[in-house]
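Morning, everyone. I have a few minutes and one chain to walk through. Let's put it on the screen.

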Amino acid sequence: MAEEVILIMEDENNNNNSNSNHNNISVSVVIVGAGPSGIATSALLNSLSVSNLVLEKEDCCGSLWKKRSYDRLNLHLAKSFCRLPMMSHPFRTSIFMSKDDFIRYLDEYLARFNVNPHYCHDVEEAVYDEEEGKWRVTVKDTASGTVYEIASDFLVVATGENSQPFLPSDLPGMETFTGKVVHSSDYKNGAVFKDEKVLVIGCGNSGMEISNDLADNGAHASIVVRSQIHVLSKEMVGIGMLLSNYLPLKIVDKFVSLLAKLSYSDLSSYGIHRPVEGPFLFKALTGKTPVIDRGTIKKIRSKKIQVFPDVVSINQNTVEFKDGKRRCFDAIVLATGYRSVAHKWLKDYKFLLADDGKPKGKYPNHWKGEKGVYCVGLTGKGLPGIFKDSKAVTEDIYRLTLMAQK
């Protein structure tokens, strides 16, 4: 199990200089990433006594939640949809958990299921050895500089879809902007922007919440809405997810869309346009999650938050928009999301991933590749998707392990 692997690695560390290679370490499963995807998979494998090793390049688990999320972040779904396998959320926490409560949940999960990630261990490459029938994973201990290799029967890509902040290249003149530019991964709260004119580029959940937070903290907030979006309340999303277990998606979409129209009416005069497809079908087709309103729409209606269409050009502190308007800003927040970078270190990524880093296989069979490589949490389905993926991957690895032992 995981404890055995830890002892092996400690012995290797004690017997080698920091600048020399380790002898090969062998384990049944290597899991890359100690976010919710990685720790859920490790916990399930531990419960089945399948040896596994979790490698994490950061110095903590759940680094996206602990280091790269804004202060007021809450789960966008009810906690009943956001648990990991084998452990429900505490009753004492709110239905839509705070970031801090979810972080405590992750730490308690590690302790309960004896998940022991190796932090500051950056996977430089993973290749499949056809002759040996094993994955060879080259790892760098960034604390000591030591580079070594691990051989495994199975490899699980659990680095998630939010590995690297995405910086858009389609903003002409961005390099001339004279104010402060911040990606949402570095945004904590709007207090430092008080009385400043701030433009948020990106109209997903992060962009909408950050613009709301800026307005609450006394900034003059504006947001660029470049694409069609669905706006729902958290209760509408919960109802839709519950009904989707029993009714066809088309019917669920009609019902939830009706609730949205009754609650928000037509937002097109404010620069927000709904897609033709319903919110859940639109999510399935495009991967774009409905915006869950937490007060932003009220501020947009009252003009406390200004909405602009796409950016045409940026010239120093002046931004020109598609409708011909020009405005001056002191700062820009890029709420433009993240990208997976797994296909960069997974040299034989075509066994599992497409060129864009997304799974080659179609949902719901996306999680399994060839040659014993798997992925967890790469479908844009959030924590509910991680729950399903980790169980499917673990069950398949366990089945194949039992077959190999016969």
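Start with lysine 303. Lysine 303 counts as exposed, because its relative accessible area is 52% and the cut-off for exposed is over 50%. Keep in mind that this is a predicted model. Where does lysine 303 sit? In the loop between helix 9, residues 296-301, and strand 12, residues 305-308. Its backbone deserves a look too. Phi of lysine 303 is near 70°, a positive value, and the residue is not a glycine. For context, most residues other than glycine have a negative phi.

Lysine 303 also belongs to a surface patch. Which residues form that positive patch? Lys197, Lys303, Lys325 and Arg327. Take arginine 327 from that group. Arginine 327 lies in strand 15, which covers residues 326-328. With 36% relative accessibility, arginine 327 is partly exposed.

There is a nonpolar patch as well. Leu242, Tyr246, Leu247 and Ile251 make it, and the patch has an area of about 430 Å². Leucine 242 is in helix 6, residues 234-243. Leucine 242 is partly exposed, at 47% relative accessible area.

Back to backbone geometry. Asparagine 114 is another non-glycine residue with a positive phi, about 55° here. You will find asparagine 114 in the loop between helix 4 and strand 3, the strand being residues 121-129. Its relative accessibility is 32%, so asparagine 114 counts as partly exposed.

Now the peptide bonds. Most peptide bonds are trans. Which two residues does a cis peptide bond join here? Tyrosine 363 and proline 364, with omega at about 10°. Proline 364 is in a loop too, between helix 10, residues 342-345, and strand 18, residues 373-375.

On to salt bridges. Side chains of opposite charge can pair when their charged atoms come close. How many salt bridges does the count come to? It comes to 17. I'll show three pairs and one network.

Pair one is aspartate 59 with lysine 67. Their side chains meet at 2.7 Å, N to O. Aspartate 59 is partly exposed at 47% relative accessible area. Lysine 67 is partly exposed as well, at 35%.

Pair two is arginine 92 with glutamate 108. Here the N to O distance is 4.0 Å. This pair links distant parts of the chain, 16 residues apart. Arginine 92 is in the loop between helix 3 and helix 4, and glutamate 108 is in helix 4. Are the two partners buried, partly exposed or exposed? Arginine 92 is exposed, at 62% relative accessibility. Glutamate 108 is partly exposed, at 34%.

Pair three is aspartate 129 with arginine 136. The closest N and O atoms are 3.0 Å apart. The two partners fall on either side of a cut-off, because buried means under 20% relative accessible area. Aspartate 129 has 21%, so it counts as partly exposed. Arginine 136 has 17%, so it counts as buried.

Then the network. Arg72, Asp213, Asp216 and Lys299 are joined into one by salt bridges that share partners.

Last topic: two serines. Serine 94 first. Serine 94 sits in the loop between helix 3, residues 63-67, and helix 4, residues 99-112. That is the loop that holds arginine 92. Serine 94 is partly exposed, at 38% relative accessible area. A polar atom of the serine 94 side chain lies 3.0 Å from the backbone oxygen of phenylalanine 96. Look also at alanine 78. It is 16 residues from serine 94 along the chain, and their C-alpha atoms are separated by 8.7 Å.

Then serine 211. Serine 211 lies in helix 5, residues 205-216. Is serine 211 buried or exposed? Buried, because its relative accessible area is 0%. What does its side chain reach? The backbone oxygen of methionine 208, at 2.8 Å.

To close, go back to the view of the positive patch, with Lys303 and Arg327 among its members. Then turn to the nonpolar one with Leu242. That's the tour. Over to you.

Methods: Residues numbered from 1 in each chain as written. Predicted model: local features only at pLDDT ≥ 70, side-chain atom pairs only at ≥ 80, totals over all residues. Heavy atoms only, no water. Patch = residues over 30% accessible without salt bridge, like charges linked within 9 Å, V, L, I, M, F, W, Y side chains within 5 Å. Areas by Shrake-Rupley, 256 points an atom, 1.4 Å probe, with all protein chains shown as cover. Lys, Arg positive; Asp, Glu negative; His and termini not counted. Charge placed at Lys NZ, Arg CZ, Asp CG, Glu CD. Helix = DSSP H or I, 4+ residues; strand = E, 2+ residues; numbered from the N terminus. Buried < 20%, exposed > 50% of the residue type's maximum accessible area, 1.4 Å probe, protein only. Polar contact = N/O pair within 3.5 Å; in protein donor to acceptor, adjacent residues only side chain to side chain.
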